[in-house]
Amino acid sequence: MEYEKTPLKICFVGSARYSMPLSTTDAKKVQTLSVLGELFFIGFSKDWFPRHFTQSANFFLLPDAPLRIVRYGEMFFGLPFYLLWLIFRHRVAILVAQSPYDGVAAAAAKQVAGYFGRRVALVVQSHGDFEQHIFLQRRIFFPRLYQMVMNRCADFTLRRADVLHAISNATRWQLEQWNPHARIFQFMAWTDMESFVQAGNTRNSQNQQTILYAGVLTPLKGVIHLINAYVRIAPDFPDSQLILIGQTQNSAYMRELRQQIYHHQIEHLVKFMSPRPQVELAKQMAQARVFVLPSYSEGLGRVVLEAMATGTPVIGTRVGGIPEMITPGETGFLVPPADEGALADTLRWVLEHPQEADMMGQRARQFAWSFFSADLYVEGFRKIFDAARQIIETP
């Protein structure tokens, strides 16, 4: 194979945080991709110290500074020099930016390398609505100025992109508006599907009435609407429980969630849990009666597919890529975002009809198996790297 004769050197660039050694999920992902070439990853460590180590790939991690403005400085001003060193010292030929904003440094490095006669291909990924995502996560001061700067950054990156990677029809459409000329490949982002399938093999939730959410706790995810919908049905299901798994990224929103829970006196029925490794999350999903993702915006909604893989019925909102995975009444349910009445009615139906809901979950499980696999993931990147290589080698 061509990759075995002349291995590509590829650098993934982004703001993701990596542990040393890698988590089980990250280790599987990197090992899976390593068949495509020699890999380099640049991201952030999980503490204040820079890290460099090798585990199926070469990792160069920037210190995770406590202030966001400092991390931006590392990404925008320090990272281009790091990438140029990899390009000229290690002959990295393909840069993969994990978002249009993470790609600013990669685009700058590509441009500078070109001035010195070194051809580099730039691949830009989109995992969500990069135009509005940040404004739905937290309060932004001077939003017009922030939006203008973000648009300039995205434009700078995407105009220099050679190949684009979308994870859903929604993200594909957005990328096409910014760069209608670049080739776009569409496939789902990595997930440790094996862990969720295995958890589903032991699923036993016939007597369970647990409603589960997993994701960051921000306004974007619509968690307040899930709480309010649960308030409507909780008196009729005294054995039910709402579990919210996720990281607090917006302290004001977290206070709002807790205040709403205390106001309706359901604190004994609601449990907050910190983020779980995927193996543990898979077990939580397999034990739940229903999984709910009430977001305002989603690139795809990977947790939806993960829950489906365990055989757990899923309720999602009709936004982004979620409808691409759920066929209403067949593999799950779709409700309008922020429609607490529709969400409460759907939760009630699932809790009242466990056998019918489980049959739906089994159909969803079959769909999940066909929608994502490690082989499909590798093949997607193989096509991306083939396209990038053609661009590099074309005179």
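Here are some questions and answers about a predicted model, on its sheet, two helices and a cavity.

User: In what order do the eight strands of the open sheet stand?
Analyst: Happy to walk through this one. The sheet is open, and its pairing is mixed. Neighbouring strands are turned by 20 degrees against each other on average, direction ignored. The order is S3-S4-S2-S1-S5-S6-S7-S8.

User: Which strands stand at the edges of that sheet?
Analyst: Look for strands with a single partner strand, so that one side of each is left without a neighbour in the sheet. That description fits S3 (51-54) and S8 (183-186).

User: What is the bridge partner of threonine 54 in S4?
Analyst: Good place to zoom in. S3 and S4 (residues 58-62) run antiparallel, and four bridges join them. Within S4, the partner of threonine 54 is asparagine 58.

User: At about what angle does helix H15 run to S7?
Analyst: Helix H15 covers residues 374-393 and lies across S1, S5, S6, S7 and S8. Another helix, H7 (residues 169-178), lies across S6, S7 and S8, running at about 170 degrees to S8. For H15 against S7, the angle is about 165 degrees.

User: How many nonpolar, polar and charged residues line the largest cavity?
Analyst: The structure holds one cavity of 30 Å³ or more, and about 30 Å³ of space lies in the largest cavity. Its lining consists of His225, Pro294, Thr317, Val335, Pro336, Ala338, Asp339 and Leu343. Sorted by class, that gives five nonpolar, two polar and one charged.

Conventions: Residues numbered from 1 in each chain as written. Predicted model: local features only at pLDDT ≥ 70, side-chain atom pairs only at ≥ 80, totals over all residues. Heavy atoms only, no water. Pairing = 2+ DSSP bridges. Helix = DSSP H or I, 4+ residues; strand = E, 2+ residues; numbered from the N terminus. Axes fitted to C-alpha atoms, helices over the stretch in contact; angles between N-to-C directions. Contact = heavy atoms within 4.5 Å. 1 Å grid on protein atoms, 1.4 Å probe; cavity = no way out; pocket = protein on both sides within 12 Å on 5 of 7 lines; lining within 4 Å. Points joined across faces, edges and corners; volume = space filled by probe spheres on them. Nonpolar A, V, L, I, M, F, W, Y, C, P; charged D, E, K, R; others polar.
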